[in-house]
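Colleague: I'd like to go through this one with you and hear the reasoning behind each label. Could you put it up on the screen?

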Number of protein chains: 2
Amino acid sequence: MAGVQRVGTGTNQEAVRRHNLGTLLRHVHDSGEQSRAELTGQMGLNRSTIAGLVSELDELSLIEQASPAVGRRGAGRPSAGVRIRDDGPYVVAVDLGVDRAVVARIGLGGRIWDRATAPIPHDTEAWQVGATVAGLVRQVVALSPPEAPLLGIGVAIPGLVRRSDGLVRHAPNLNWHDVSFGSIVLAALSLDVPIAVGNDADLGALSEHRRGTAVDVDDLVYLSGNVGVGAGVITGGNRLEGVAGYAGEVGHLSHDPRGLVCHCGSRGCWETVVGAPAIAEALRCPEDQVARLGEILEDMTTAPRELRSIATELGRGLAAVVNIFNPSVVILGGHFLPLFRLCRAEVTAGLTERALSPARDAVRLALPGLGGDSILLGAAEMAMEPVFVDPVASLAAAVTDAPARLAG
Amino acid sequence: MAGVQRVGTGTNQEAVRRHNLGTLLRHVHDSGEQSRAELTGQMGLNRSTIAGLVSELDELSLIEQASPAVGRRGAGRPSAGVRIRDDGPYVVAVDLGVDRAVVARIGLGGRIWDRATAPIPHDTEAWQVGATVAGLVRQVVALSPPEAPLLGIGVAIPGLVRRSDGLVRHAPNLNWHDVSFGSIVLAALSLDVPIAVGNDADLGALSEHRRGTAVDVDDLVYLSGNVGVGAGVITGGNRLEGVAGYAGEVGHLSHDPRGLVCHCGSRGCWETVVGAPAIAEALRCPEDQVARLGEILEDMTTAPRELRSIATELGRGLAAVVNIFNPSVVILGGHFLPLFRLCRAEVTAGLTERALSPARDAVRLALPGLGGDSILLGAAEMAMEPVFVDPVASLAAAVTDAPARLAG
DNA sequence: GTTGATTGTTGTTCGGGCCAACGAAATGGC
DNA sequence: GCCATTTCGTTGGCCCGAACAACAATCAAC
C-alpha cells in the first residue's frame, strides 16, 4: 500500500512506470510468448528499459524468461523469450447463459485451465443461481496451484448491466430486475475479491478483439444471438458503453412497425424477427427447445425457406448496425453463428440491400474465432483488465490462498 | 525539427512532457483563464511542475500570465492567472451548409474574431465552392495580427467524410462524390497548412462537448437536421468515428418499411420522415425554401398538426438513438432546434414510447448551447486538436505570416 | 575460422517531476 | 497598525526512469 493513487489529467513518472509495466504485460498476454527484442520494437522503448520492466515483472512472479525460441531465422544473438507463468495469476470467468452457467479458471494469457458447468432451470431466483455459481467457482479454484493469486471474478450476463456498480438492471431471459449479482456471488463464497459484471455481447466483442477474429481491428461489432439480440461494440479500440453501460441495445431497433409486439412494449423490434423465439416458431420447434436453438441449427445441413427469409431480415437489420457504427468486422455469435453458416448468401444480400455503400464496402461479416467461448473469455478479459492498468496494485488486491480459503 | 516522432505503445519522458504541455493548454482553452493553483489541482501535478509548463508555454507565445483575478475569496497569496494570448495562434473554420458557406477566424480559447459568409448556389461544382471559400479565408485572415500563427483550417461538410484523408465520399446536398475538398481549398489559396475535414454532425457534437451544453458530459449525441439527418456521437469522451469515419449515419435507420423511397435506395428511412424536405412538404412550403426551413420554423409560434405528428416521429426515432448509444444528452441541432422548441411534448412522448427505460431515464434532450455556431466552432476545435497533443510540433507546422502570404 | 549482424548487460547520462525550504502576497484577529 | 496564518511562486537538490554507449554473447553466412 505504498502511494496514494494520484488523480488528475497530468502524467507523472509513477504513471509512466505503471503504464509501461502494464502494457508490456498486456503484450505478452495478447500475443503469447514474445522475445524481448520483439517487445522492444512494439513498445518503442529502449532495450535497457525493456530489460528493467521484464525483470520487475519477473520479481512479481507474473512472467518467466525462457531460452530463445527455436526455429527463428536471421543472424544475431537470439533474444530471450518472455512468457506468462503457468502458476501465475488467474481469474475466474462466469458465463451465465439462458439455461446453464459455465465457470472457468483462466490464466493470464487466456488459457482455460479448468471448467465447470451446471444447468440453470427457468425462473430460478438470483440467490439460488448465485449459490450454484459459487459451487462451480469452488470446484475450479480447488484445482489451482496453491500459491497462484486470484485476481478477480468476471461475470457475463445476458441483460442490461449498470457500469458504475455492476448492477443487473434488467435481464429478460432470467427474469431479473435490479439484481446485484456480484454481491450475491461474493456473499455465497464469503470472499472479498474484485468482481466485475458485464453484458454478454460486450464481452464477446472484447475477447474477439483481443484474441479472436478481430485482433488487428479496432472497430467491430459482436452480435449476440441468445434469446434476445444485443450488440457489443468496440470502436477506436474502446468498448462502447454509454453513460450507464447500456449502449448497444440493437435488438429493439424498429424493424417493422406493423410487426409483433415485443416484450419491451414496442411493436416490430428486430428481435421479434431474428430472435430465438421467432426462429423457433418459424421452424415449428417446441417452445421448451428455444434455449437449444443453436444446437438445432448446428445440426441442419440445408436451410428451409422460412429460415432463409429470416436470414435476409438479419442482413437488413445488420445494415442499420453497419451504417451506425461503420465497423470493419461484424461477428455473428450465438445462434447467428449456425444461421450465418447456413444462409450466408441471404444475410449478405440483406445487408447489401440496405447499407450505405461506403460503410458496406468497409465491413466484413465473420464467425467468432473463439467459437462458443467468446463470452466466457470476454468475462475473463474484463476481470484481468486492472492488472494491465496497474500490475502492482492489482496484485495487492488479489487473493493468494484462494483454494485454502474456499475449501475452509 | 528536433526529435523523430517515436512510435509504440510504451510511454517515454518526451511523451510525458508533450502530454502535460498539451493538457495544460487544453485546460486553459476549455475553461478560459485559470489560476495556476486551479491548474495544479486539476492536473494533479506539483506546483513547481506547473510553473515549468506555464513558463514553457509562455515562451512559445501561446499564453500570457495575468495579475491575480479580482473578486476571489479566502486567505493566502493570490495565484496568477493563465490565459490564452489575444495575438496567439488561431485557426480558420469553415462551415459548408446547404446553401451558404461560413468562414471564421477563431482563436485558441474559442473566440470568434472575424467571420465572412457567401451563398453557395445549388449544384455548384466543388472547385467553384473551393474558390469561394478561399476568398472568404483571405478576408478573415487579412484581419489577423501579423505575427499570429495560423495553426490550420477545419472544414465541416454535410456528408460522409473519410477519416484517413478527409476525402468527401458522398455529400448528397452538394451532389459531391469523392471530392478532396481540402486539397481544392489549399490549392486555391496556394498555401500549405494542416487542413482537416469532418462531418458536420460530428463537429457539432465536438464543440457542444467542449464549450456548449455538454461540457461535463462524456456521452452525447448531436443530431443534425440539415437536409439530411446525421448524428455526431461522443462516447466515453471520444468521437465515434468507425473504421473509415462514417459512423453515426442514423438518418437511414429504417423507420417505416412501407414509407417513401429514400435517395439511398431503401424505403422508409427516418430521414424521409423528419428530414427537411419531408417537413417542408408537410407544411406545404415551396421546394426552393427547403434550405431555409430552419428560419421558417423559427418564425412560427404555434405548431400545426402536421408538424406535431412529425415531432412524434422524431421522438420515436430518437428512441433508437438512445437505445443504441445510451447518451446522457441528445442535442437537437439544425432544424430540429426550432422543431423541438415548438413541439417539446410530442418529441418527448415519442421517445418515451419506444426507448428502454434504463436508457430513457439517463438521457436529457437539449438545445445546442452554441446555437447556430456549433458546427463552425466544432470545425475550429478539430483544427486545433493537434496543438493540444503536441504544442511544439503543431507550432512548427503553423504558418506565421499568413496575412502577408495570402495577400501576395 | 572469420566476419558481420543482432541482442543482452552494465554503467553512465539526461531529463522530468517531486520535495522542502524560503520569500511574497493577501486575509483576519487583536 | 501589527502579527500570525494561509496560500502561492521560486529555487535548488533529489529521485526515478528512460536513453545512450560500450562491451560481451550468440548465431548466420561466407
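**Reasons behind the labels**

Modeller: Let's begin with two domains: the centres of domain 1 of chain A and domain 2 of chain A, taken over C-alpha atoms, are 29 Å apart. Keep in mind that this is a predicted model.

Colleague: How do you know that domain 1 of chain A and domain 2 of chain A are in contact?

Modeller: Contact needs heavy atoms within 4.5 Å. On that test, 11 residues of domain 1 of chain A touch 13 residues of domain 2 of chain A. About 1,100 Å² is buried between these two domains, with carbon and sulfur atoms giving 69% of that area. On the domain 1 side, A:Arg18, A:Arg26 and A:His29 lose the most area to domain 2 of chain A, together 49% of what that side buries.

Colleague: Why is the pair A:Asp390 and A:Arg18 called a salt bridge?

Modeller: The rule asks for a side-chain nitrogen of Lys or Arg within 4 Å of a carboxyl oxygen of Asp or Glu. For A:Asp390 and A:Arg18 the closest N and O atoms are 3.7 Å apart, so the pair falls inside the cut-off. Two salt bridges are found across this domain interface, along with three residue pairs in polar contact. Helix H1 (residues 13-31) of chain A provides the largest share of the domain 1 side, seven residues. By class, that side has five nonpolar, three polar and three charged residues.

Colleague: On to the two chains. What makes B:Arg258 and A:Asp256 a salt bridge?

Modeller: Their side chains meet at 3.2 Å, N to O. The limit is 4 Å, so B:Arg258 and A:Asp256 qualify. The count between chain A and chain B is two salt bridges, and there are 14 residue pairs in polar contact across that interface. Several helices of chain A each supply at least two residues to the side touching chain B, among them H1, helix H10 (305-325) and helix H12 (344-354). H1(A) has the largest share there, six residues. That side of chain A divides into 22 nonpolar, 24 polar and 10 charged residues.

Colleague: How many residues does each chain bring to the contact?

Modeller: Chain A brings 56 residues and chain B brings 56 residues. Between them the chains bury about 4,300 Å², with 56% of it on carbon and sulfur atoms.

Colleague: Now the DNA. Which residues come nearest to DNA strand D?

Modeller: There are 26 residues around DNA strand D, and A:Ser48, B:Arg36, B:Gly76, B:Arg77 and B:Ser79 come nearest. Of the strand D atoms that come within 4 Å of the protein, sugar and phosphate account for 59%.

Colleague: What makes B:Ser79 and a phosphate oxygen of DNA strand D a polar contact?

Modeller: A polar side-chain atom of B:Ser79 lies 2.7 Å from that oxygen. The cut-off for N or O atoms is 3.5 Å, so the B:Ser79 pair passes. A polar side-chain atom of A:Asn20 sits 2.9 Å from a phosphate oxygen of strand D. For A:Thr49, an N or O atom of the side chain is 3.2 Å from a phosphate oxygen of strand D.

Colleague: Which helix gives the most to the surface near DNA strand D?

Modeller: H1(A) does, with four residues. Helix H3 (47-59) of chain A is one of the others that supply at least two, and chain B adds helix H2 (36-43) and helix H3 (47-59) on that basis. By class, this surface has seven nonpolar, 12 polar and seven charged residues.

Colleague: One last pair. Why does the pair A:Arg83 and A:Glu64 tie together parts that are apart in sequence?

Modeller: A:Arg83 lies in strand E3 (residues 81-84) of chain A and A:Glu64 in strand E2 (residues 63-66) of chain A, so the pair joins parts that are 19 residues apart in sequence. The closest N and O atoms of A:Arg83 and A:Glu64 are 3.0 Å apart, and the pair forms a salt bridge. Over all chains, the search finds 48 salt bridges.

Terms used: Residues numbered from 1 in each chain as written. Chains lettered and ligands numbered in written order. Predicted model: local features only at pLDDT ≥ 70, side-chain atom pairs only at ≥ 80, totals over all residues. Heavy atoms only, no water. Domains from an automatic or database assignment. Buried area = accessible area lost by both parts, 1.4 Å probe. Polar contact = N/O pair within 3.5 Å; in protein donor to acceptor, adjacent residues only side chain to side chain. Nonpolar A, V, L, I, M, F, W, Y, C, P; charged D, E, K, R; others polar. Near = heavy atom within 4 Å.
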